[in-house]
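Please open the model in your viewer, colour it by secondary structure, and keep the selection tool at hand. The tour below moves from one selection to the next and says what is to be found at each stop.

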Amino acid sequence: MNTIQHEPISPEVLSAIRAARRVALVGHVTPDADCLAVIGAMAHGLRAMGKQPAPSMPAGSVAEKLRFMVDIGGWQPASSAELAECDVALVMDTAKDKRVNVDGKLEALPKAKIVNVDHHSSNTRFGDALWIDGARSSSAEMVYELLKALEVKITPQIATLLYAGIHSDTGGFSLPNTTPRSLEVAAELSLAGADIVDTCEQLCRSQTPHLFNLLKVVYGNTRVSEDGRLSWSTANYNEIHDAGCVAEDIDDQVEIPRSIRGVTIAVLFSEGVKGKIRMNFRGDRGCSILELAQQFHGGGHSQAAGAILDGTIEQVVAKVIPAAQAYLNERS
Ligand SMILES: [Mn+2]
C-alpha cells in the first residue's frame, strides 16, 4: 500500500503567483533536465495566465544535450534589467539560495518576493513562501500539481517538459524516488500529449560524438574498491576538453561507476573548471550519501548529491575516497 504523505501546496505559494505580474524563473547552477523542465513549463503556464515570465539563465549554463528543452519551453533568458523588475521570483529545484542560477544571486532580484518550490529534503527553507516536499520524485512532478492548482491547461509542450523532468530525476522511473504518484502524473502527462518517444530519444539515446568520447574517458578511469562496494571515476580538465566537452556536459556520467554490480556508493570527480573538482555522489541499497556529501560542504538528496572542492583530481580523490570507504564501513 502507498503510505507516502505529500505536503499540500501552501496557499501562500498560490497567492503569490496569482498576484504576480512579472515572475523570475530560477533554478540551480548547472541546470539538469528537471530544472529546465520546470522553468519551461512555468514559462508556458505563466504566459497562459497573462503574466510575464523572466527565466534566469546565465550564458553558457545549458548543456548541449538539454538545449532541446529550452526550445520546447519557448523562452529566452531574461536580461539583468528584466530580472531586477520582477515582483516574484519562483525558485525551483534549488536547495540553497547560494545555488541559484542568477548572476549576482538573489540580490539581483531586489523587488521580488521569493517563492521556493523544491523536492530536495535538504532545502534550507529560504524565501517568503515555501512548498518543500522531499517525498516528491522531482520538481517537475510538483510543478504539474502547481499548474493544475493554478488551473493552467497542460499543453503538449508543458506535458513533454514535465515528463522529461520526472523521467530524468527518477532514472527512467527506476530509482527509489519513483512513487505511485509520479507514475500517475506521468500517465496524465502522456494523456495531455507528452512526446515520450522523442524526449527519451533526446535524453537517453542521442549522444553526440564528443559526449560519447567523454563516456569513454569515464569508463576508462573507473576504479572499484577492494570490497566492491565503492566505485569512482574521474575526468580532469584536459580529458574533458580533449573530448570536445565543457563543464556543463558533466551530468549523469556517475551512472557509469554506479552501474557495476554490488556498488553501494559511486562518485564521479570532474574538473570542468580548472582547479575546481566537482563530485557527483550516488548511493544505492538504501545507503544515503547526503551526509557524505555534506562532509565536503555539498548537498542534494539521500541517493544523489554533489559537492565541489578546490585542488587537483588526485588530491581530492585522496581525500574523499578514504572518507567514503570509512563512511561505508560505519554503516555495515
Ligand atoms: Mn530535481
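Two strands count as paired if DSSP finds at least two bridges between them. Helices (H or I, at least four residues) and strands (E, at least two) are DSSP runs, numbered from the N terminus. What you are looking at is a predicted model, in which local features need pLDDT of at least 70 and side-chain atom pairs count only at pLDDT 80 or more, while totals for chains, interfaces and linings use all residues. Residues are numbered from 1 along each chain as its sequence is written.

**First stop: strand β3 and its partners**

Select residues 88-92, which make up strand β3. A residue is called buried if 20 or more other C-beta atoms lie within 10 Å of its own, exposed if 12 or fewer, and partly exposed in between, with C-beta atoms placed from the backbone. By that rule 5 of the 5 residues of β3 are buried, and both faces of the strand are covered, with V88, L90 and M92 on one side and A89 and V91 on the other. In a regular strand the side chains alternate between the two faces of the sheet.

Now add residues 22-26, strand β1, which pairs with β3 in the parallel sense over 4 bridges; here A24 has A89 as its bridge partner. Add residues 113-118 as well, strand β4, which is also parallel to β3 and is joined to it over 5 bridges, and in which I114 is the bridge partner of A89.

**Second stop: two loop residues with positive phi**

Move to D93, in the loop between β3 and β4, where phi is about 65°, a positive value although the residue is not a glycine. D93 counts as buried because it has 29 C-beta neighbours inside 10 Å. Then select T30, in the loop between β1 and α2 (33-48), whose phi is near 45°, again positive in a residue other than glycine. T30 counts as partly exposed, because 18 C-beta neighbours lie inside 10 Å.

**Third stop: the two domains**

Colour residues 11-204 as domain 1 and 209-330 as domain 2; these bounds come from an automatic or database domain assignment. The C-alpha centres of the two domains lie 26 Å apart. Where they meet, 15 residues of domain 1 are in contact with 9 residues of domain 2, contact being C-beta atoms, placed from the backbone, within 7 Å.

**Fourth stop: helix α9**

Select residues 209-220, helix α9. Which residues of α9 are buried? They include L214, V217 and V218, and seen down the axis of α9 the buried residues fall within an arc of 95°, so they line one face of the helix; the arc is that of the directions from the helix axis to the C-beta atoms. On the other side, P209, F212, K216 and G220 are exposed. To see what covers the buried residues, show among others β7 (230-235), α10 (237-242), α11 (255-258) and β8 (265-273).

**Last stop: the open sheet**

Finally, display the open sheet of 6 strands, which run in the order β6-β7-β8-β9-β11-β10 with mixed pairing. Its edge strands are β6 (223-224) and β10 (299-300), each of which pairs on one side only. At the β10 edge, the pairing with β11 (residues 304-310) is antiparallel over 2 bridges, and G300 stands opposite A305 in β11.

How values were computed:
Two residues are in contact if their C-beta atoms, placed from the backbone, lie within 7 Å. The expected span of a helix is 1.5 Å times one less than its number of residues.
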